[in-house]
Amino acid sequence: MFAVALLSAVLPLSFSGVGTPTANAASLDKNWHKVWDDTFNGPAGSGVKPSNWLYDTGTDFGTGEIETMTSSTSNVYRDGSGHLVIKAIRDASGNWTSGRIESQRTDFMAPVGGKLLITASIQQPNVSGAAAAGYWPAFWLLGSHQNWPTDGEIDIMEDINGLSSVFGTLHCGVSPGGPCNEFTGIGSGQRPCAGCQTAFHTYSVIIDRSVSPEQVRWYLDGVNYFTVNANQVDPTTWTKAIDHGFFIIFDLAMGGGFPAAFGGGPTAATASGASMVVDNVSVYTSKDSHQMKSRELPS
């Protein structure tokens, strides 16, 4: 989310499947243990569960985004059908409001010799073209000490300007520059995500401390599309960025450096009222030490 620009070209890679990822074999399921989740059940128009989430309100998150994040149920609410809705709204004066929530728990961590999986089913804002300029939905993790970027940031899903894409990124080290090329980070570049504005897709990350070198792996609908290995940076940078607790963030920003790198916005043509919709989010840990497979997520 702190990335200013990810300027990699679109890679010729396509993905298939919508919904919950499926493991290669049923035997994989027993290796994963769910430690936390939210299915966003609750009355229509209600806010998020205070026991699970806190609202991060205000402006100026260091990214150039222009909206004001609020705790209003106009911007962040449960829809009564098991979904979280984060909606960006432009008022009559041209000012934008939206929402950003963070998990109360900050201790989601891969056990020594094991793995951490964080996964969510999300529909990106259903808006494209000029009407999507400036939209920046994100599902991401921050290190619990919040000393950015040293303590790590893992962007599980980002898209900008309604491009029907997904970007996965690891931020670490120091900024600007450093071993992780901040403020850009170590990223997948823009990857195609057909139908991501019109349907739910599953976005996941695994922090794997059961392999050597350790890895962070990104998945779209259960398919591993990007991996960062520990030996891509020095050991101190990796340990400080990865081997500790994280918390989860969902937000829908408007404007900022990342959208600006792909055409900019919002503009007068940008549509007000588009939403990021989250069906569910879950956290698993595993002590399983098998090697990475193309599909290894719990069904």
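In the predicted model, Glu-102 and Arg-100 are both buried. The side chains of these two residues meet in a salt bridge, with an N to O distance of 4.0 Å. This contact belongs to a set of 7 salt bridges held by the structure.

A further pair is formed by Arg-105 and Asp-107, whose closest N and O atoms lie 2.9 Å apart. Arg-105 has a relative accessibility of 32% and therefore counts as partly exposed, since the class of partly exposed residues runs between the limits of 20% and 50%. Asp-107, at 44% relative accessibility, likewise counts as partly exposed.

A salt bridge also joins Arg-209 to Asp-243, with 3.2 Å between the closest N and O atoms. This pair links distant parts of the chain: Arg-209 is in the loop between S15 and S16, whereas Asp-243 is in the loop between H2 and S18, and the two residues are 34 residues apart. Both Arg-209 and Asp-243 are buried. Elsewhere, Asp-56, Arg-100 and Glu-102 are joined into one network by salt bridges that share partners.

Helix H2 spans residues 235–242, and its buried residues are Thr-237, Trp-238, Ala-241 and Ile-242. Viewed down the axis of H2, the buried residues fall within an arc of 100 degrees, so they line one face of the helix. In an α-helix there are 3.6 residues a turn, so residues three or four places apart point the same way. The buried residues of H2 are covered by elements that include strands S11 (153–158), S12 (165–171) and S15 (201–208). Strands S16 (215–220), S17 (223–229) and S18 (246–254) are also included in this cover. Two of the loops that adjoin these elements, the one between S15 and S16 and the one between H2 and S18, contain Arg-209 and Asp-243 respectively, the partners of the salt bridge described above.

Internal space was examined next. A search of the whole structure finds 1 cavity of 30 Å³ or more, and the largest cavity has a volume of about 30 Å³. The residues lining the largest cavity are Gln-124, Pro-125, Tyr-135, Pro-137, Asp-159, Ile-160, Asn-161, Gly-162 and Gln-197. By class, this lining comprises 4 nonpolar, 4 polar and 1 charged residues.

Technical notes:
Residues are numbered from 1 along each chain as its sequence is written. This is a predicted model: local features need pLDDT of at least 70, side-chain atom pairs count only at pLDDT 80 or more; totals for chains, interfaces and linings use all residues. Side-chain values use heavy atoms; hydrogens and water are left out. Buried means under 20% relative accessible area, exposed over 50%, partly exposed in between (1.4 Å probe, protein chains only). Helices (H or I, at least four residues) and strands (E, at least two) are DSSP runs, numbered from the N terminus. The arc is that of the directions from the helix axis to the C-beta atoms. Contact means heavy atoms within 4.5 Å. On a 1 Å grid over the protein atoms alone, a cavity is a set of points where a 1.4 Å probe fits but cannot get out, and a pocket is an open set with protein on both sides within 12 Å along at least five of seven lines; lining residues have an atom within 4 Å of a point. Grid points are joined across faces, edges and corners, and a volume is the space filled by probe spheres set on the points. Ala, Val, Leu, Ile, Met, Phe, Trp, Tyr, Cys and Pro count as nonpolar, Asp, Glu, Lys and Arg as charged, and the others, Gly among them, as polar.
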